[in-house]
Each structure stands twice: as structure tokens, then as C-alpha cells.
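Me: I am new to this structure and would like a close look at a single part of it, the side-chain contacts around one helix. Please take me through them slowly, and then place them beside the other contacts of this kind.

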Amino acid sequence: MTTFGDDLIQALNEAVAHAKGDGPGIVHTPATPREIRKQAKLTQAQMAPLMGMSLSGYRKWEQGTRQVSGPAATLLRVIEKEPEAVKRALLAS
């Protein structure tokens with residue numbers, strides 16, 4: 001069988017295991033922008049540029065009218081753990 005065929009069979013087996021609740025999996029808890037911002041001791045106006053977005057867009061996350069997903073959720077997790085590193089990296093002149 002080809003490598004592609006082997007990979008496809010493995011992927012399907014993993015998908016079936018996942019559907020059954022078996023096998024390894026990473027479950028990420030939803031990022032909570034307000035809690036992460038407060039923990040980092042930032043205002044909404046300070047947090048929005050760190051996230052690369054407008055203040056009104058950021059506020060929609062905190063109000064729950066927009067959902068955080070993808071790379072933005074990852075960046076929130078980094079800010080949660082290392083806010084000063086993110087500030088240095090993103091706000092440097």
C-alpha cells in the first residue's frame with residue numbers, strides 16, 4: 001500500500017476513535033478575554049492593539065457578541081501566561 005493509503009487509514013481510525021471518545025485529544029477551554037485582560041492589568045484600549053484589532057471589535061468579544069477563535073484564542077493564552085513578553089514583542093518601537 002502507498003504511504004498516502006497508510007496515512008488515510010490511520011486518519012480514519014483516529015477519526016472513529018475520536019467519535020467514540022477514545023484516543024488522544026487536546027481540549028482547550030474557551031479563552032475569556034475579560035478575565036485574561038484583567039489578570040494582565042490592561043484596559044480594553046491597551047488590549048485591543050495587542051490583539052491586532054479595533055477597540056470596538058475587542059469589546060464585542062468581552063460582551064459575547066463575537067466569539068474568539070483560531071490564532072486569536074492562542075494569542076490570548078500567550079497573553080494570559082506571558083503578558084510582558086507579548087507587550088515587548090508587539091508594542092516595541
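Reply: What follows begins with confidence, turns to helix α4 and its partners, and then moves on to the other helices.

This is a predicted model, in which local features need pLDDT of at least 70 and side-chain atom pairs count only at pLDDT 80 or more, while totals for chains, interfaces and linings use all residues. Residues are numbered from 1 along each chain as its sequence is written, and side-chain values use heavy atoms, with hydrogens and water left out.

The protein has an average pLDDT of 88, and 94% of the residues score at least 70; pLDDT is the predictor's confidence in each residue, from 0 to 100. Confidence is highest in α4, with a mean of 96, and lowest in α1, at 84. Helices here are DSSP runs (H or I, at least four residues), numbered from the N terminus.

Helix α4 covers residues 55-63, and within this helix Tyr-58 and Trp-61 are three residues apart, which means a separation of about one helical turn. A search of the whole structure finds one aromatic pair. In this pair the ring centres of Tyr-58 and Trp-61 are 5.9 Å apart and the planes stand at 65°, so the arrangement is edge-to-face. For such a pair, rings of Phe, Tyr and Trp (its six-membered ring) must have centres within 6.5 Å, and planes under 30 degrees apart count as stacked, over 60 as edge-to-face and the rest as tilted. Tyr-58 is buried, because its relative accessibility is 0%, and Trp-61 is also counted as buried, at 9%; buried means under 20% relative accessible area, exposed over 50%, and partly exposed in between, with a 1.4 Å probe and protein chains only.

Helix α4 also takes part in a charged contact, since side chains of opposite charge can pair when their charged atoms come close. A salt bridge is a side-chain nitrogen of Lys or Arg within 4 Å of a carboxyl oxygen of Asp or Glu, and the count by this rule comes to four. One of them joins the side chains of Arg-34 and Glu-62, at 3.4 Å from N to O. Arg-34 belongs to helix α2 (residues 33-39) and Glu-62 to helix α4, so this bridge ties together parts that are 28 residues apart in sequence. Glu-62 is buried, with a relative accessible area of 9%, whereas Arg-34 is partly exposed at 38%. Arg-34, Arg-37 and Glu-62 are linked in a network of salt bridges.

Beyond α4, the side chains of Glu-80 and Arg-77 meet in a salt bridge of 3.0 Å, N to O. These two residues are three apart in helix α5, and therefore about one helical turn separates them. Both ends are partly exposed, Glu-80 at 22% relative accessibility and Arg-77 at 27%. In helix α6 (residues 83-90), Glu-84 and Lys-87 are likewise three residues apart, or about one helical turn, and their side chains form a salt bridge of 3.0 Å, N to O. Glu-84 counts as partly exposed, because its relative accessibility is 46%.

Back in the helix of lowest mean confidence, Leu-8 lies in α1 (residues 3-20) and is partly exposed at 41% relative accessible area.
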